[in-house]
Amino acid sequence: MFKIKLAEVAEFKGYTRSTLSKEANISYPTVLLFWNGNVKKVDLEILDRLCVFLNCKPWDIVDYTVATD
């Protein structure tokens, strides 16, 4: 199971959704999808922009755990 942790990382570094959108050159609706963890498909270009702007690695934003039944 994937969990998007953009809000946690960005808020820790003091960034708002609006600032992230403007400074990383990502549309606000796309930032909101990531921020709220509602992403269905991850665009690697967007993930790259987020990582460059936040100075982090992809696994800081996207967490994965094996789902057990």
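Modeller: One term before we start: two residues are in contact when they have heavy atoms within 4.5 Å of each other. Also keep in mind that this is a predicted model.

Biologist: Okay, let's use that straight away. Which residues does Leu 50 touch, not counting those up to four places away in sequence?
Modeller: Leu 50 sits among the core residues that touch the most other members. Set aside the residues up to four places away in sequence, and the ones Leu 50 touches are Leu 6, Leu 20, Ile 26, Phe 34 and Ile 61.

Biologist: How many residues are in that largest nonpolar core?
Modeller: Nonpolar side chains tend to be buried together in soluble globular proteins. Here, Leu 6, Leu 20, Leu 50, Leu 54 and Ile 61 touch the most other members of the largest nonpolar core, and its residue count is 20.

Biologist: Which element gives the largest share of this core?
Modeller: The elements giving two or more residues to the core are α1 (6-12), α2 (17-24), α3 (28-35) and α4 (44-54). The largest share is five residues, and it comes from α4.

Biologist: Stepping back, in what order do the elements of the protein run from the N terminus on?
Modeller: There are five helices and two strands to place. Reading from the N terminus on, the order is β-α-α-α-α-α-β.

Biologist: What radius of gyration does the protein have, and what would a compact globule have?
Modeller: The C-alpha atoms fill a box of roughly 40 × 20 × 20 Å along the principal axes. With 69 residues, a compact globule would come out near 11 Å, and the protein agrees with that, at 12 Å.

Biologist: What percentage of the residues of the protein count as buried?
Modeller: To count as buried, a residue must have under 20% relative accessible area. Of the 69 residues, the share that does so is 32%.

Biologist: And what does the outside look like: how much of the exposed area do carbon and sulfur atoms supply?
Modeller: The protein has 9 positive and 9 negative side chains, with the centres of the two sets 3 Å apart. It exposes about 5000 Å², and the part supplied by carbon and sulfur atoms is 53%.

Biologist: Back to Ile 61. Is it buried or exposed?
Modeller: Ile 61 is found in helix α5. Leaving aside neighbours within four places in sequence, its contacts include Lys 3, Ile 4, Leu 47 and Leu 54. Its relative accessibility is 0%, so Ile 61 counts as buried.

Biologist: Which residues does Cys 56 touch, not counting those up to four places away in sequence?
Modeller: Cys 56 lies in the loop between α4 and α5. At 13% relative accessibility, this loop residue counts as buried. Not counting residues up to four places away in sequence, Cys 56 touches Cys 51 and Ile 61.

Biologist: Asn 55 caught my eye too. What is its phi?
Modeller: Asn 55 is found in the loop between α4 and α5 (58-61), and it is exposed, with a relative accessible area of 66%. It is a residue other than glycine, yet its phi is positive, near 55 degrees.

Biologist: Where is Asn 25 found?
Modeller: Asn 25 has a positive phi of about 60 degrees although it is not a glycine. At 59% relative accessibility it counts as exposed. Its place is the loop between α2 and α3.

Biologist: How far apart are the C-alpha atoms of Phe 2 and Ala 67?
Modeller: Phe 2 is found in strand β1 (residues 2-4), and it is exposed, with a relative accessible area of 60%. Even so, leaving aside neighbours within four places in sequence, Phe 2 is in contact with Val 62, Asp 63 and Tyr 64. Phe 2 and Ala 67 are 65 residues apart along the chain, and their C-alpha atoms are separated by 9.3 Å.

Biologist: Last one: what is the C-alpha to C-alpha distance between Ala 7 and Asn 36?
Modeller: Ala 7 is found in helix α1 and counts as buried at 17% relative accessibility. Ala 7 and Asn 36 are 29 residues apart in sequence, while C-alpha to C-alpha the distance in space is 7.4 Å.

Note on methods. Residues numbered from 1 in each chain as written. Predicted model: local features only at pLDDT ≥ 70, side-chain atom pairs only at ≥ 80, totals over all residues. Heavy atoms only, no water. Core = buried A, V, L, I, M, F, W, Y, C linked by side-chain atoms within 4.5 Å. Buried < 20%, exposed > 50% of the residue type's maximum accessible area, 1.4 Å probe, protein only. Helix = DSSP H or I, 4+ residues; strand = E, 2+ residues; numbered from the N terminus. Rg over C-alpha atoms; globule rule 2.2 N^0.38 Å. Areas by Shrake-Rupley, 256 points an atom, 1.4 Å probe, with all protein chains shown as cover. Lys, Arg positive; Asp, Glu negative; His and termini not counted. Charge placed at Lys NZ, Arg CZ, Asp CG, Glu CD.
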